[in-house]
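Welcome to my notebook. I kept these entries short, so a newcomer can follow along with the structure open.

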Amino acid sequence: MNVSLAKDLSVYQLVMGVQAPPKPLSLSPATLLSLVRAQIDLLIEQQIAATLWVKLPPDKIWQSELTRYQSSVGASSLIYTCQIEERGRTGAGGAVEAGEAEEAGEAGEENFTLSPSSPHYVPVYLPPDSQMRRENFLMVLSPQFCSLILAHRPLKKRKNQTLGKVNTNKNQPLLIITTVEGRVIQQVLNSIQQVIAPESSSILPASFICPTVPQPALMNQLLAKQLLRQDEINRQIITIRTNKLEQQNQELHNKELLKDEYLKNVCQELRIPLTHMKTALSLLNSPNLKPPQRQRYLQMLNTQCDQQNSLISGFLELVQLEQNLEGTTLELVRLSDIVPGVVSTYQPLAQEKGIMLAYTVPTELPSIWCVSGKLRQIVINLLHNSLKFTPNGGQVWVRARNQGDYVQLEFRDTGIGIAENEIPKIFDRFYRVRTAVTEDYGGAGLGLTIVQQLLLRCGGSISVKSKLSEGSSFTVQLPTVGNIPRAIATENEL
């Protein structure tokens with residue numbers, strides 16, 4: 001059996017329309033859950049066979065309460081469940097966000113639902129724009145005991161409201177009404193009876209009258225159960241929030257450890273050039289030093305000064321980047337406007353080493369998203385690496401092509417390559433590839449880290465394939481103009 005309403009109505013407005021209506025209280029969804037559970041506890045303990053008129057969120061912690069009651073009281077109960085019709089499906093759209101209430105739900109709770117085929121389950125279908133969309137309630141109707149628990153989430157306008165749209169703040173409290181006054185519940189019941197279709201349908205016999213007030217013993221038991229349920233839910237919420245705080249504290253502790261390790265690595269990296277410089281200075285003080293040796297030690301000093309300067313500059317750049325990365329803006333740029341200029345800048349260095357340097361960047365490639373002013377830096381860092389690790393007579397190619405929602409930019413070389421076990425480490429701060437050759441390639445070990453951070457910010461990515469003595473291939477994926485990065489989408493939502 002299905003029931004529908006011939007006319008839309010709001011239970012909240014019906015209650016507030018009675019003479020001397022009960023006062024709504026601003027409470028949380030968790031409090032609403034404790035009230036519902038206490039009510040069901042009382043009905044089960046007293047074995048009160050009642051007709052329930054309900055509209056609760058579809059989440060398991062709410063629906064399991066109805067199942068618990070139905071299974072305990074049995075065939076003598078009847079449950080009318082109001083459901084919002086959502087374009088061919090039902091059961092969605094309660095006014096109560098269950099987030100806080102779910103915190104109070106037990107972890108091992110099964111996903112109980114009432115079966116539509118059950119003779120004790122009567123769905124009441126409401127239109128998608130029903131006034132009840134913002135309401136949840138549990139109305140208990142029996143000759144011994146009647147009660148109503150009602151929650152309403154009011155509309156709350158945002159400060160920056162546009163286009164006439166009204167948005168709600170899901171964190172705002174609910175307006176909750178709980179009453180056992182027969183006059184209030186009877187008036188709500190009568191109003192619902194008048195709009196039920198077909199007219200021959202009826203929730204209760206016409207002779208049914210809500211008791212004016214429940215028996216004092218029932219009220220005492222209900223109050224005790226409400227206190228117990230509220231205390232239980234409060235303890236569960238405190239436990240969950242304590243666990244979350246402990247997890248957050250652990251994460252902060254881990255970040256502090258990472259920071260300490262980072263600073264330790266910085267100090268170690270800065271100490272290495274200083275050690276070499278100190279050695280060179282002590283050797284320069286030797287009275288028997290020959291001119292060629294002096295020249296070699298002076299060159300060592302110069303090289304180590306450059307190395308330390310590179311480390312300090314790279315470190316400061318990375319710190320500044322990490323501090324300001326979230327606040328950076330993205331821009332649309334064409335690879336054909338950047339890559340050729342960078343390649344031409346490095347052509348003299350390639351010719352000096354006898355390296356064949358070439359690029360292929362079609363002008364018809366779509367524009368891509370990148371951190372403002374940083375595409376050039378990405379290209380420089382990757383091209384510089386390819387040339388640095390490619391021996392004399394080698395080859396370096398820069399190629400770009402379209403690939404779905406991305407443009408792929410590849411840097412491929414015939415250099416010394418990277419050992420397979422080192423590939424996962426190359427994006428770590430200060431990590432430099434260990435090679436069997438004696439040549440010191442220098443560098444701060446921060447270039448690839450900076451590239452990866454910039455690409456993550458604009459929704460791109462970088463991957464590498466390499467074999468020792470055969471060369472490496474770094475592949476960058478950059479989102480195109482039609483593929484809005486998540487970073488931009490998030491900014492627009494805010």
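**Entry 1: ground rules.** I call two strands paired if DSSP finds at least two bridges between them. Helices (H or I, at least four residues) and strands (E, at least two) are DSSP runs, numbered from the N terminus. The model is predicted, so I noted that local features need pLDDT of at least 70 and side-chain atom pairs count only at pLDDT 80 or more, while totals for chains, interfaces and linings use all residues. Residues are numbered from 1 along each chain as its sequence is written, and side-chain values use heavy atoms, with hydrogens and water left out.

**Entry 2: the sheet.** I began with strand E15 (residues 406-413) and strand E17 (residues 471-479), which pair in the antiparallel sense over 7 bridges. Here leucine 409 has valine 476 of E17 as its bridge partner.

Which strand order does the open sheet have? I read E12-E14-E15-E17-E16, so 5 strands with mixed pairing. Strand E12 (356-360) and strand E16 (461-467) stand at the edges with a single partner strand each, so one side of each has no neighbour in the sheet. On average, neighbouring strands of this sheet are turned by 15 degrees against each other, direction ignored. My angles run from 0 to 180 degrees between N-to-C directions, and the axes are lines fitted to C-alpha atoms, for helices over the stretch in contact.

I then followed the other pairings. E12 and E14 run parallel and are joined by 5 bridges; threonine 360 stands opposite arginine 399 in E14. E14 and E15 pair in the antiparallel sense over 8 bridges, and arginine 401 has glutamine 408 in E15 as its bridge partner. Their hairpin has 2 residues between the strands, and glycine 404 there takes a positive phi near 65 degrees.

**Entry 3: helices on the sheet.** I looked for contacts next, meaning heavy atoms within 4.5 Å. Helix H9 (residues 375-388) lies across E12, strand E14 (395-403), E15, E16 and E17, and runs at about 25 degrees to E15. Helix H10 (residues 447-457) also packs on the sheet, where it touches E16 and E17; its direction makes about 140 degrees with that of E16.

**Entry 4: a charge and a ring.** I count a charge as sitting over a ring if NZ of Lys or CZ of Arg is within 6 Å of the ring centre and within 35 degrees of the ring normal. The charged end of arginine 412 sits over the ring of tryptophan 397, 4.6 Å from its centre.

**Entry 5: an aromatic pair.** Rings of Phe, Tyr and Trp (its six-membered ring) pair if their centres lie within 6.5 Å; planes under 30 degrees apart count as stacked, over 60 as edge-to-face and the rest as tilted. I found 1 aromatic pair by this rule. The rings of tryptophan 53 and tyrosine 80 have centres 5.8 Å apart and planes at 35 degrees, so the pair is tilted. Tryptophan 53 lies in strand E3 (residues 51-55) and tyrosine 80 in strand E4 (residues 78-86), so the pair ties together parts 27 residues apart in sequence.

Are these two buried or exposed? Buried means under 20% relative accessible area, exposed over 50%, partly exposed in between (1.4 Å probe, protein chains only). Tryptophan 53, at 1% relative accessibility, counts as buried, and tyrosine 80, at 4%, counts as buried too.

**Entry 6: helix H3.** I checked the length of H3 (residues 60-73) against its expected span, 1.5 Å times one less than its number of residues. Its 14 residues should span 20 Å, and the end C-alpha atoms are 20 Å apart, which agrees. In H3, 10 of the 14 residues are buried, so the helix is largely enclosed by the rest of the structure; among them are Trp62, Leu66 and Tyr69. Just after H3, glycine 74 takes a positive phi of about 85 degrees.

**Entry 7: loops.** Glutamine 47 is not a glycine, yet I read a positive phi of about 50 degrees. This residue lies in the loop between helix H2 (29-45) and E3, and is partly exposed at 43% relative accessibility. Serine 469, also not a glycine, has a positive phi of about 70 degrees. I found serine 469 in the loop between E16 and E17, exposed at 68% relative accessibility.
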